[in-house]
Amino acid sequence: CKEYVFPDNFKFGVATAAYQVEGAWNTSGKGENIWDYMTHTNPSSILDRSNGDIACDTYNKIKADVQLLKNLGVDFYRFSISWSRILPSGKTDYINPDGIRYYNELIDELLANDIKPLVTMHHFDQPQPLEQEGGFLNLKLADYFEDYADVLYKNFGDRVKDWTTFNEPTLVCFLGYSGEFLAPMITRKDGGYLCGRTLLIGHAKAYHLYNKRYKNDQGGRVGIVHDIFWFEPRTNKIGDIKAAEAAKEFNFGWFAKPIFTQEGDYPQIMKESIARSSKLEGLSKSRLPQLTQEEIELIKGSADFLGVNHYTTFYCSPIEDDTIERGLFYLPDMDANCIVDDKAESSATPWLKVIPSGFRKSLNWIKEQYNNPEVIILENGFSDAGNLLNDCPRVNYYNRYLTEMLKAIYEDDCNVSGYAAWSFMDNFEWRSGYTQKFGLYSVDFNDPSRPRTPKMSAFVFKNIIRERKINWSYTPD
Ligand code: GCO
């Protein structure tokens, strides 16, 4: 097969998120966030009854961890800032000096080692006190988010040049406010959409604030991170083809269409199917709140680049096809039921099957639907269950997915400028606790000092970065 070399300006990184790695959950003035609250009040919500109280303890390991990053040779490190560590109440009544100190030290240490920080402002962990006001169901949180972004730009923007507002808004909203999967586990049928509006507006406000007040001096850029699964029709029947289209729009178009297209509104398929199911339930109007013209104008074009997380592919059929069991990717109101391919290679995560071709297809779909925006892959990775250092399946996953990405760049002209592996190290995998390991470094969670050990995948990734090409000799036959 053809050997591609990564483009000259292509940037490599690894990613983490605050709640999954930091620990120090109540140290030096940090406030409680929705995951602290949920794991403490409802321990059985987590598969192994664990939590992120200590996690990987990255809070206490800045210097050592940055050396590991340097050793990998990454150009950037994607991490998230814990809103509650900076603003314990969620609002600007009090800015926690230790939060500012901690991220200053991390950013300075990264830069001293030639690693650029790429910062996520929100990765699933909003402050718990804001839930008393309805959390993201309440549009007011868009303003609180803008105020929080202001504090971040003011304190860190002299050194942070790559910002993203929200990580995976679809999952934050559907799984947090309509489904029962992510904190705060609210189950309101309209919850996902109310949350979605707040996130879109909060994102857009944070984007415009940067442009108005900071961009001139700081010269950075602001994007957002969407998850994209690839959705294949289960067969070539028209119903299955339509179902796969619907799933793409609910998963990705919901947040990408308003921001990245000229129409600046929700996808038509989504509007129609929510209106239809609302009507069937006897509601007088659709439970999807319409964006006003003013909101549309605010949101349209509000991103300098598109962050993309991609892991796997699902196979879709219409919901009425009751010969098919309800799949793992199913959103209420969406006329599609999407299942995993049981025959594909598995990871330790039930929804994550190894289907590399879906990556190239996703990138092509983005190129076609969104006029080839600049894309940075901000998550892609594989989980296993044990403390496997000889992690051949992960190496294989990276080699094969990166090859598909390179084909998308060279053969299809997709505008992909960077790639971050998920994850730098094993960490707290949300509802699955510590049962699913995604790291390039293994972490011993039984040892209070949380030692890190490189897996084979860390060496392979390091080699890819150094040689700027995939070295297949690491891959088992
Ligand atoms: C997500 C998050 C990550 C996860 C990763 C593996 O996609 O849910 O961005 O925090 O840990 O995706 O599931």
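**Exercise 1. The sheet**

Which strands make up the closed barrel, and with what pairing do they run?

Solution. The structure is a predicted model. Step one: the barrel is closed and has eight strands, in the order β1-β2-β3-β4-β5-β7-β12-β13, with parallel pairing. Step two: on average, and ignoring direction, neighbouring strands of this sheet are turned by 25° against each other. Step three: helix α13 (residues 392-410) packs on the sheet and touches β12 and β13 (416-422). The direction of α13 makes about 170° with that of β13.

**Exercise 2. One strand of the barrel**

Describe the surroundings of strand β7 (residues 306-309), beginning with its pairing partners.

Solution. Step one: on one side, β7 pairs with strand β5 (residues 221-227) in the parallel sense, over four bridges. In this pair, I224 stands opposite L306 of β7. Step two: β7 is also joined by four bridges to strand β12 (residues 375-379), and these two run parallel. Here G307 stands opposite I376 of β12. Step three: in a regular strand, side chains alternate between the two faces of the sheet. In β7, L306 and V308 point one way, while G307 and N309 point the other way. Step four: L306, G307, V308 and N309 are all buried.

**Exercise 3. The core**

Find which helix gives the largest share of the largest nonpolar core, then examine the contacts of A247.

Solution. Step one: the largest nonpolar core has 139 residues. Those with the most contacts inside it are V14, Y148, A247, C316, V375, I377 and M405. Step two: helix α9 (residues 238-260) supplies the largest share of this core, with 11 residues. Step three: leaving aside neighbours within four places in sequence, A247 is in contact with F231, C316, F329, M334, A336 and C338.

**Exercise 4. A helix pair**

Describe how helix α6 (residues 140-156) and α8 cross.

Solution. Step one: the two axes come within 8 Å and cross at roughly 35°. Step two: the crossing of α6 and α8 is right-handed. Step three: from α6, the contact is made by L141, A142, F145, E146, A149, D150 and Y153. From α8, it is made by T198, I201, G202, K205, A206, L209, Y210 and Y214.

**Exercise 5. A loop residue**

Decide whether F181 is buried, partly exposed or exposed, and locate it.

Solution. Step one: F181 is found in the loop between α7 (169-177) and α8 (191-218). Step two: F181 has 13 C-beta neighbours inside 10 Å. A residue is exposed at 12 or fewer and buried at 20 or more, so F181 counts as partly exposed. Step three: not counting residues up to four places away in sequence, F181 touches L175 and R431. Step four: R213 is 32 residues from F181 along the chain, and their C-alpha atoms are separated by 37 Å.

**Exercise 6. The whole chain**

Judge how compact the protein is for its length.

Solution. Step one: the protein contains 14 helices and 15 strands. Step two: its radius of gyration is 21 Å, close to the 23 Å that the globule rule gives for 477 residues, so the protein is as compact as a globular protein of that length. Step three: the C-alpha trace spans about 60 × 60 × 45 Å along its principal axes. Step four: 52% of the 477 residues count as buried. Step five: among contacts with a separation of 6 or more, 74% come from residues 24 or more positions apart.

How values were computed
Residues numbered from 1 in each chain as written. Predicted model: local features only at pLDDT ≥ 70, side-chain atom pairs only at ≥ 80, totals over all residues. Core = buried A, V, L, I, M, F, W, Y, C linked by C-beta atoms within 7 Å. Contact = placed C-beta atoms within 7 Å. Rg over C-alpha atoms; globule rule 2.2 N^0.38 Å. Pairing = 2+ DSSP bridges. Axes fitted to C-alpha atoms, helices over the stretch in contact; angles between N-to-C directions. Left-handed = near helix turned anticlockwise from the far one by under 90°.
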